[in-house]
Amino acid sequence: MSDETVHIKSYGCQMNKLDTALVTSALKKAGFSLTDSAKEADVVLINTCSVRDHAEQRVISHLGHLQHIKKSRPEMIVGVIGCMAQRLGVKLLEHNAVDIVCGPAQIPQIAKLVTKALQGKKETIAVTDKIRQKTDEDQAQALEDFESAYGIEDRYIPGQAYVRAMRGCDNFCTYCIVPFVRGPEVSRPPKAIIEQIKKLADAGVKQVTLLGQRVNAYKYKSGKKTWCLADLLRMASDVEGTEWIRFVTSYPSEEFFDEILQAMADLPKVCNYLHIPAQSGSDKILRAMNRHYTAGRYLAMLAKARAIVPDIAIAGDFIVGFPGETQADFEVTVDLVKKAQYKNCFIFKYSPRPGTNADKRLQDDIPLEVKKSRNIKLLAVQEKISEQLSAEFLDKEVTVLVEGLSKKPHLNDTEGGDKPQLIGRTATDYIVVFNGPLSLAGQFAKVKITKTSPLTLFGALI
Ligand code: SAH
Ligand code: SF4
Ligand code: F3S
């Protein structure tokens, strides 16, 4: 047992945040206590992302800051975990601030690594040079055990939890680093997932979000039986206490698509929300990205989703400035965004990732200025659509799951101004800001919408 304090910061996606929760849970079990202050912590862990260069640069600058703190407190231990740890491995140990490097597949070892580092031992790196090989049985079991030990005290948002449905990715979109840092695609056994959801529900978790890089490709075989995501959604729906079920991210593939939509339509607990990145509206660029669909097929899938689940909210991702993206390619992307009628979408400037096919074979030939202006243009197109879709909520009543205090104060000065400003989300993922008691965090609430903006609804607690 130990009485040292640990500070953890997450820089990545939901997978990364789930790993942070698992690591937190493991370290607490090992006797460490958590602190919000990096300045005072005995151990600082940074859970990192490699998806774009910008994500890595933020970590590098954080490490610079920690190196500065270490000048006055050389005994402080700094660990880099997650995707960037896997990508850079031993190179990270060359950084003066870094004592521990641990990849996503090795996180079950984290408490051991931290303890070793605190004892002044040097072998504090755990990354694999065989990330693309199927994990051996022992390692797979270690990951499963680690996952199922996920403690309820480590939730990020009260009443909510992430549950991994799948690890890794086999899709190899040409721009993407994820398959190289997260390893092969593996669907977890449905039994393990459902047991975890039950445990979370017993501990008061109302919303679970099933995670996978292509979560709609979930497929688990045992004997003659095969489970797909729709089966998982049905099983999760039967769990008493679980109220809302989400899943991200979906890949535009027709396999299982109808079944999943039908499950969404049939099961009241499954939130009517689909995050289904298109990345581009140009078939030429989609091919170069190794995305296995055309813009036409993608739009047909959205139409089908809306036919089966009429009030569905759809979100997307786009990359602008992919190698070879002409103005004409960009214009068809703008077209696709207009037709798709997303609730919101995330737009990224192409960032070459070392080792990916796009980086090896294609020249990053779109100037940064062009990437920036396409990004701004596409955002503006989407903002108009978001604004129109949001406006439909005016004067309507919505149910939200309350997350806690809203970070941006005074956006809304309607009634109840003496109460704190809270933030919640609807089942369709709309963000709602309203005044109410903080005790509502983790609970459902009904809000009447009094004002709308492209990305946020404002209202009054009913
Ligand atoms: N598995 C998910 C998303 C993974 S990464 C999916 O397939 O949709 C999240 C988003 O980051 C991607 O949807 C993509 O839009 C973006 N992204 C990934 N690699 C990128 C790169 N090299 N440059 C810019 N954006 C990238
Ligand atoms: Fe990356 Fe493509 Fe896999 Fe998503 S589906 S994680 S974008 S390789
Ligand atoms: Fe997530 Fe970034 Fe890794 S997007 S899977 S933390 S590379």
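In the predicted model, a polar side-chain atom of Gln279 is placed 2.7 Å from an oxygen atom of ligand 1. Taken alone, ligand 1 exposes 540 Å², of which the protein buries 90%. The backbone of Gln279 is also notable, since the residue has a positive phi of about 75° although it is not a glycine. Gln279 belongs to the loop between strand 14 (273-275) and helix 11 (283-288). With a relative accessible area of 7%, under the 20% limit, Gln279 is therefore classed as buried.

Two further polar approaches involve nitrogen atoms of ligand 1. A polar side-chain atom of Gln213 lies 2.8 Å from a nitrogen atom of the ligand. From Ser351, a backbone N or O atom is found 2.8 Å from a nitrogen atom of ligand 1. The shell around ligand 1 comprises 15 residues, of which Tyr175, Gln213, Gln279, Asp317 and Ser351 come nearest. By residue class, this shell divides into 6 nonpolar, 4 polar and 5 charged residues. Strand 15 (313-320) and strand 16 (344-349) each contribute at least two residues to the shell. At the level of domains, at least three shell residues are drawn from domain 2 (157-270), and at least three from domain 3 (272-391).

The surroundings of ligand 2 are formed by Cys169, Asn171, Phe172, Cys173, Tyr175, Cys176, Val178, Pro179, Gln213, Arg214 and Arg291. This shell divides into 7 nonpolar, 2 polar and 2 charged residues. Tyr175 and Gln213, listed here, are also among the residues that come nearest to ligand 1. Cys169 has a relative accessibility of 8%, which is under 20%, and so counts as buried.

Around ligand 3 are found Cys13, Asn16, Thr48, Cys49, Ser50, Val51, Cys83, Arg182 and Gln213. The composition of the ligand 3 shell is 4 nonpolar, 4 polar and 1 charged. Gln213 thus appears in the list for ligand 3 as well as in that for ligand 2. Cys83 is buried because its relative accessible area of 10% falls under the 20% limit. Although cysteines occur in the surroundings of ligand 2 and of ligand 3, a search of the whole structure finds 0 disulfides.

Away from the ligand shells, a polar contact of 2.6 Å joins the side chains of Lys70 and Asp99. Lys70 is located in helix 2 (residues 53-72). At 11% relative accessibility, under the 20% limit, Lys70 is accordingly counted as buried. Ile110 is part of helix 5 (residues 110-118), and its relative accessibility of 0% also places Ile110 in the buried class. The C-alpha atoms of Ile110 and Leu233 are 32 Å apart in space, with a sequence separation of 123 residues.

Two further backbone features were identified. The peptide bond from Val248 to Thr249 is cis, with omega near -5°. Thr249 falls in the loop between strand 13 (244-248) and helix 10 (257-266). Gln341 has a positive phi of about 50° although it is not a glycine. The position of Gln341 is in the loop between helix 13 (327-340) and strand 16. The relative accessible area of Gln341 is 29%, between the limits of 20% and 50%, and Gln341 is therefore partly exposed.

Notes. Residues numbered from 1 in each chain as written. Chains lettered and ligands numbered in written order. Predicted model: local features only at pLDDT ≥ 70, side-chain atom pairs only at ≥ 80, totals over all residues. Heavy atoms only, no water. Near = heavy atom within 4 Å. Polar contact = N/O pair within 3.5 Å; in protein donor to acceptor, adjacent residues only side chain to side chain. Areas by Shrake-Rupley, 256 points an atom, 1.4 Å probe, with all protein chains shown as cover. Helix = DSSP H or I, 4+ residues; strand = E, 2+ residues; numbered from the N terminus. Nonpolar A, V, L, I, M, F, W, Y, C, P; charged D, E, K, R; others polar. Domains from an automatic or database assignment. Disulfide = S-S within 2.5 Å. Buried < 20%, exposed > 50% of the residue type's maximum accessible area, 1.4 Å probe, protein only.
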